[in-house]
Amino acid sequence: MEELSIREASLPSSLQALRQKLGQKAKQQKRYRFYSLYGLVCRHDVLQAAVWAVWRQGGAPGVDGVSIEAMAATPEREAVFIAQIQRELREQTYRAQPVRRVYIPKPNGKLRPLGIPTVRDRVVQAAVKLILEPIFEADFEESSYGFRPGRSAHDALRAIQQHLKEGRTAVYDADLASYLDPYSYYTLTVEGCSKSCGWLSKTLIRKPFCRPRETWTTESSPRFTRCMIVCRDTPRRRMA
């Protein structure tokens, strides 16, 4: 998912209350599993806030060539755009489009791949983030600063300065090479299309982003009941 900055104060009061309720539930009951989050992603206020977040972020168009400015050119066009996404999500017919691939030079001479989703996919991603963010925020350690709302590298530097004043001088540095490569963290077992009770509801929130891919099993998230399906763009191949 693309990293989107979502400011809490800019959200409508109904959505702020929903996020606060989700966060409190997750914080007070550490082992609580959330069952019915997909319907929340389809809410109009959630999708509206997602459109605003994507509009503020800006960025280039995806493979369809549609820009955020064109999508939100008028209130009428924006309303039609939101209604279409909402209908596709509710009817479970929404499918993510291919990601536009761009390579950015790195200081070491290598290239960093950058994926640019379409605007409509970025809106759905932002809507998912609005719902999931307060839940997982409850599980983060206080010392974690990376990619968290309301925190930045400057906050981390201030924390380090405070630690130095307190006499802490030991520093541990770790860099995991190719940590997000597909084969670095997936169990090499193909997961079949299980039809066990509740399987559909547990995977709906991921389904809109799934294109034809190899499917692997991984350990269950502590926050989602038996959420074992993980999809990743990988070449199809025969498993031994």
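**View 1. Leu-114 and its contacts in the predicted model.** In this predicted model, Leu-114 touches Arg-100, Arg-101, Val-102 and Ile-104, leaving aside residues up to four places away in sequence. Leu-114 itself belongs to strand S2, which covers residues 111-116. If you follow the chain from Arg-100 to Leu-114, you travel 14 residues, yet the two C-alpha atoms are separated by 8.1 Å. With a relative accessibility of 36%, Leu-114 counts as partly exposed.

**View 2. Helix H1 packed against helix H6.** Here we turn to a pair of helices: H1 (residues 13-28) and H6 (residues 119-137) pack at an angle of about 35 degrees, and their axes lie 7 Å apart. Their crossing is right-handed. On the H1 side, the contact is made by Leu-15, Leu-18, Arg-19, Leu-22, Gly-23 and Ala-26. Facing them from H6 are Lys-129, Leu-130, Ile-131, Glu-133, Pro-134 and Ile-135. Sorted by character, the residues of this contact comprise 8 nonpolar, 1 polar and 3 charged.

**View 3. Tyr-32 with Phe-34 and Lys-25.** The structure holds 1 aromatic pair, and this view shows its partners, Tyr-32 and Phe-34. Their arrangement is edge-to-face, with 4.9 Å from centre to centre and 85 degrees between the planes. Which of the two rings belongs to a buried residue, and which to a partly exposed one? Phe-34 counts as buried because its relative accessibility is 8%, under the 20% cut-off. Tyr-32, at a relative accessible area of 30%, is partly exposed. Tyr-32 has a further partner in Lys-25, whose charged end sits over the tyrosine ring, 4.7 Å from its centre.

**View 4. Arg-151 over Tyr-145.** Another charge-over-ring arrangement can be seen here: Arg-151 lies over the face of Tyr-145. The distance to the ring centre is 4.6 Å.

**View 5. Phe-147, a non-glycine residue with positive phi.** Phe-147 is not a glycine, but its phi is positive, at about 55 degrees. You will find Phe-147 in the loop between H6 and helix H7 (153-165). Is its setting buried or exposed? Phe-147 is exposed, since its relative accessible area of 72% is over the 50% cut-off.

**View 6. Gln-92, a positive phi in another loop.** Gln-92 also has a positive phi without being a glycine, with a value near 60 degrees. Its loop runs between helix H5 (75-90) and strand S1 (100-105). Gln-92 counts as partly exposed, at 30% relative accessibility.

**View 7. Gln-57 and Ile-68.** Gln-57 lies in helix H3, which spans residues 44-57. Ile-68 comes 11 residues away in sequence, and the C-alpha atoms of the two residues are 9.5 Å apart in space. Gln-57 is partly exposed, with 37% relative accessibility.

**View 8. The whole chain, for orientation.** To place the close-ups, it helps to step back: the protein chain has 8 helices and 5 strands. Read from the N terminus, these elements run α-α-α-α-α-β-β-α-α-β-α-β-β. Of its 240 residues, 35% count as buried. Among contacts in the chain with a separation of 6 or more, 68% come from residues 24 or more positions apart.

Terms used
Residues numbered from 1 in each chain as written. Predicted model: local features only at pLDDT ≥ 70, side-chain atom pairs only at ≥ 80, totals over all residues. Heavy atoms only, no water. Axes fitted to C-alpha atoms, helices over the stretch in contact; angles between N-to-C directions. Helix = DSSP H or I, 4+ residues; strand = E, 2+ residues; numbered from the N terminus. Left-handed = near helix turned anticlockwise from the far one by under 90°. Contact = heavy atoms within 4.5 Å. Nonpolar A, V, L, I, M, F, W, Y, C, P; charged D, E, K, R; others polar. Phe/Tyr/Trp six-rings, centres within 6.5 Å; stacked < 30°, edge-to-face > 60°. Buried < 20%, exposed > 50% of the residue type's maximum accessible area, 1.4 Å probe, protein only. Lys NZ or Arg CZ within 6 Å of the ring centre and 35° of its normal.
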